[in-house]
Amino acid sequence: MQHSFLDSFSRVDSPLRRLDPRAKLVGLFIFIVLCVTTPPDRYWAFAAYLGLELLLLVVSRLPWRHVAGRMLVVLPFVMVVAVFLPFFQKGGGSYNLGPLSVSGRGLIVLWNVAAKSSLSVLAVILLSSTTPFPDLVKGMRRLRLPELLTSLLSFTYRYIFVLTDEVQRMRRARDSRGWSGKWFWQSKVIGHMIAALFLRSYERGERVYAAMLARGYDGGAHTIYLYDFGAMEAGFVGMLVLFPLAARLISS
């Protein structure tokens, strides 16, 4: 059973990994806000944002293939919508691409969406890939986020593995019975598997919850927090706030 597909590289030792999750949450959130609110014509500011993220990527010691793979999961959905904007936006002049005509304002909107979404997705990948998810949830609790929100995130993360285990067992049982999946009428098996997966997962979730109640669960999580917010964390947050602000002001 593989239970590391969500944060498989979050245990890799690096200066960014050792930082308090609160610093990464606050710093990268402010960085994303500054990036999203930057006017699209501040090209040097976006270049500075990218340079800062690439520096953090080097410090984090994450494999480039892992980061590129994560970005390719998200960005195509954004770009499929954004790529049509130059053909529908009006104003700012027009440019002919053979039989097609694109507007200057539409190209600016396309650049704006592409640049900000790419930088924001990369920031989220840096956060999730350098912080184990349980530590991330603990950091949210220390930042006084609503207990309901953090509990939902924690249970969602843990029950993903429950569903994964159930799916793996059902697939092994299906394949051991000679299922090949080559014929259309065999798709009926998939429908039965989905229904059985729902029932099994629901029943297992009930058993897990009953076991938690038997161990004193009262709706909150009581865990040891092993991090401290020190000078390194303050410097990290300051860098993610002051550097983008300086780049934004200089490029104006």
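Modeller: Two rings of Phe, Tyr or Trp are called a pair if their centres lie within 6.5 Å. Keep that in mind as we go through this predicted model.

Colleague: Happy to. How many aromatic pairs does the structure hold?

Modeller: There are 7 of them. A pair of aromatic rings is described by two things, the distance of the centres and the angle of the planes. Take Phe-31 and Tyr-49: the ring centres are 5.8 Å apart and the planes meet at 75°, so this pair is edge-to-face, the cut-off being over 60 degrees. Phe-31 sits in helix α1 and Tyr-49 in helix α2 (residues 43–60), so the pair, 18 residues apart, links distant parts of the chain.

Colleague: Are those two residues, Phe-31 and Tyr-49, buried or exposed?

Modeller: Both fall under the 20% limit for buried. Phe-31 has a relative accessible area of 1%, and Tyr-49 has 0%.

Colleague: And which pair should I look at for contrast?

Modeller: Try Phe-198 and Tyr-202. Their ring centres are 6.4 Å apart with the planes at 25°, so the pair counts as stacked.

Colleague: Where do Phe-198 and Tyr-202 lie relative to each other in helix α8?

Modeller: Start with the general idea. An α-helix has 3.6 residues a turn, so residues three or four places apart point the same way. In this structure, Phe-198 and Tyr-202 are 4 residues apart in helix α8 (residues 187–214), which means that about one helical turn separates them. Phe-198 is exposed at 57% relative accessibility, and Tyr-202 is exposed too, at 51%.

Colleague: Which residues do ring pairs link into a cluster?

Modeller: The cluster is made of Phe-31, Tyr-43, Phe-46, Tyr-49 and Trp-111. You have already met Phe-31 and Tyr-49, the edge-to-face pair.

Colleague: Let's turn to α1 itself. What span should its 16 residues have?

Modeller: At 1.5 Å a residue, helix α1 (residues 21–36) should span 22 Å, because the expected span is taken over one less than the number of residues. The C-alpha atoms at its ends are 22 Å apart, which agrees.

Colleague: Which residues of α1 are buried?

Modeller: They are Pro-21, Arg-22, Ala-23, Lys-24, Leu-25, Gly-27, Leu-28, Phe-31, Leu-34 and Cys-35. Notice that Arg-22 and Lys-24 are among them.

Colleague: At what angle do α1 and α2 pack?

Modeller: The angle is about 155°, and the axes are 11 Å apart. An angle over 145 degrees counts as roughly antiparallel, so that is the label for α1 and α2. From α1, the contact is made by Phe-31, Leu-34 and Cys-35; from α2, by Phe-46, Tyr-49, Leu-52 and Glu-53. The crossing of these two helices is left-handed.

Colleague: How do I read an unusual backbone angle?

Modeller: Begin with the usual case: most residues other than glycine have a negative phi. Here Arg-61 has a positive phi, near 60°. Arg-61 belongs to the loop between α2 and α3 (64–82) and is exposed, with a relative accessible area of 51%. Arg-144 also has a positive phi, near 65°. Its place is the loop between α6 (133–142) and α7, and Arg-144 is exposed at 68%.

Colleague: What does Ser-154 touch, leaving out residues up to four places away in sequence?

Modeller: Its contacts are Val-137 and Arg-141. Ser-154 lies in helix α7 (residues 147–176) and is buried, with a relative accessible area of 12%.

Colleague: How far is Leu-249 from Ala-45, taking C-alpha atoms?

Modeller: The separation is 8.3 Å, although their positions lie 204 residues apart along the chain. Leu-249 is part of helix α9 (residues 231–250) and counts as exposed at 63% relative accessibility.

Colleague: To finish, how many helices and strands are there in the protein chain?

Modeller: The chain has 9 helices and 2 strands. Read from the N terminus, the order is α-α-α-α-β-β-α-α-α-α-α. Of its 252 residues, 35% count as buried. Among contacts between residues at least 6 apart in sequence, 74% join residues at least 24 apart.

Conventions
Residues are numbered from 1 along each chain as its sequence is written. This is a predicted model: local features need pLDDT of at least 70, side-chain atom pairs count only at pLDDT 80 or more; totals for chains, interfaces and linings use all residues. Side-chain values use heavy atoms; hydrogens and water are left out. Buried means under 20% relative accessible area, exposed over 50%, partly exposed in between (1.4 Å probe, protein chains only). Rings of Phe, Tyr and Trp (its six-membered ring) pair if their centres lie within 6.5 Å; planes under 30 degrees apart count as stacked, over 60 as edge-to-face and the rest as tilted. Axes are lines fitted to C-alpha atoms, for helices over the stretch in contact, and angles run from 0 to 180 degrees between N-to-C directions. Angles under 35 degrees count as roughly parallel, over 145 as roughly antiparallel, 65 to 115 as roughly perpendicular and the rest as oblique. A crossing is left-handed if the near helix is turned anticlockwise from the far one by less than a right angle, and right-handed if clockwise. Contact means heavy atoms within 4.5 Å.
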